[in-house]
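Dear colleague,

I am passing on to you the structure that we spoke about, together with some notes on what turned up when I went through it. Please have it open while you read, since the notes follow it from the overall picture to single residues.

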Amino acid sequence: PVYGKGIPGWYRLHIITAIAGSILVIPAVILVFRVPYISASPSAFAVHVVLGLFLLFSLLAAILLALVRSRAGPRKALIRIAHIWAGRVFIVLVVINILIGVAAVGMI
């Protein structure tokens, strides 16, 4: 959304994609506790799981930052910057975690 402010409805799109992505986290977390270690490389699967749990906590932090921003008073700009950077880091780590997960099950 930082780069899409010129696009009509950019904030609504951000909210919709954030909610959809957050909902998709639920089955991912459930799979961690249901899927046996089917990996050709157990260490890659373990890294995938640990990074996934870190991503879960960072997602919760980004959501919390978004919710408290309106009540932050003079620190509103700082909270906004933290939220934006949390989102950027989150997206990069999600891509890395997807690649690690795909490698863990032997697809690449």
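One place to start is Asn 97, which sits in helix H3, the helix that covers residues 76-104. Please keep in mind throughout that this is a predicted model, and that what follows describes the model.

To set Asn 97 in its surroundings, the overall layout may help. The protein consists of 3 helices and has 0 strands, so that, read from the N terminus, its elements follow the order α-α-α. Of its 108 residues, 18% count as buried. The accessible surface amounts to about 7900 Å², and carbon and sulfur atoms account for 77% of that surface. Among the contacts with a separation of 6 or more, 66% are between residues that are 24 or more positions apart.

Is Asn 97 buried or exposed? Its relative accessibility is 8%, and because buried means under 20%, Asn 97 counts as buried. The side chain of Asn 97 is joined to that of His 48 by a polar contact of 2.9 Å. Apart from residues up to four places away in sequence, Asn 97 touches Val 47, His 48, Leu 51, Gly 52 and Leu 55.

Ile 100, which also belongs to helix H3, has several of its contacts with residues that appear in that list. Leaving aside neighbours within four places in sequence, Ile 100 is in contact with Ala 44, Val 47, His 48 and Leu 51. Ile 100 and Leu 51 are 49 residues apart along the chain, yet their C-alpha atoms are separated by 9.4 Å.

Leu 51 brings us to the interior. Which residues make up the largest nonpolar core? This core has 6 residues, namely Val 25, Leu 51, Leu 55, Leu 59, Phe 90 and Leu 93. The elements that supply two or more residues to this core are H2 and H3, and H2 gives the most, with 3 residues. One of the core residues, Leu 59, is in contact with Ser 22, Val 25 and Phe 90 when neighbours within four places in sequence are set aside.

Further along the chain, Leu 65 is placed in helix H2. Leaving out residues up to four places away in sequence, Leu 65 touches Ile 79, Ala 82 and His 83. From Leu 65 to Arg 80 the distance is 7.5 Å, C-alpha to C-alpha, with their positions 15 residues apart in sequence.

Finally, there is the outside to consider. Leu 53, Phe 57, Leu 60, Ile 63, Leu 64, Leu 67 and Val 68 form a nonpolar patch on the surface, and together they have about 630 Å² of accessible area. Leu 60, one of the residues in this patch, is found in helix H2, which covers residues 42-68. Why does Leu 60 count as partly exposed? The reason is that its relative accessibility is 46%, which lies between the 20% under which a residue is buried and the 50% over which a residue is exposed.

With best wishes

Terms used:
Residues numbered from 1 in each chain as written. Predicted model: local features only at pLDDT ≥ 70, side-chain atom pairs only at ≥ 80, totals over all residues. Heavy atoms only, no water. Patch = residues over 30% accessible without salt bridge, like charges linked within 9 Å, V, L, I, M, F, W, Y side chains within 5 Å. Areas by Shrake-Rupley, 256 points an atom, 1.4 Å probe, with all protein chains shown as cover. Salt bridge = Lys/Arg side-chain N within 4 Å of Asp/Glu carboxyl O. Helix = DSSP H or I, 4+ residues; strand = E, 2+ residues; numbered from the N terminus. Buried < 20%, exposed > 50% of the residue type's maximum accessible area, 1.4 Å probe, protein only. Polar contact = N/O pair within 3.5 Å; in protein donor to acceptor, adjacent residues only side chain to side chain. Contact = heavy atoms within 4.5 Å. Core = buried A, V, L, I, M, F, W, Y, C linked by side-chain atoms within 4.5 Å.
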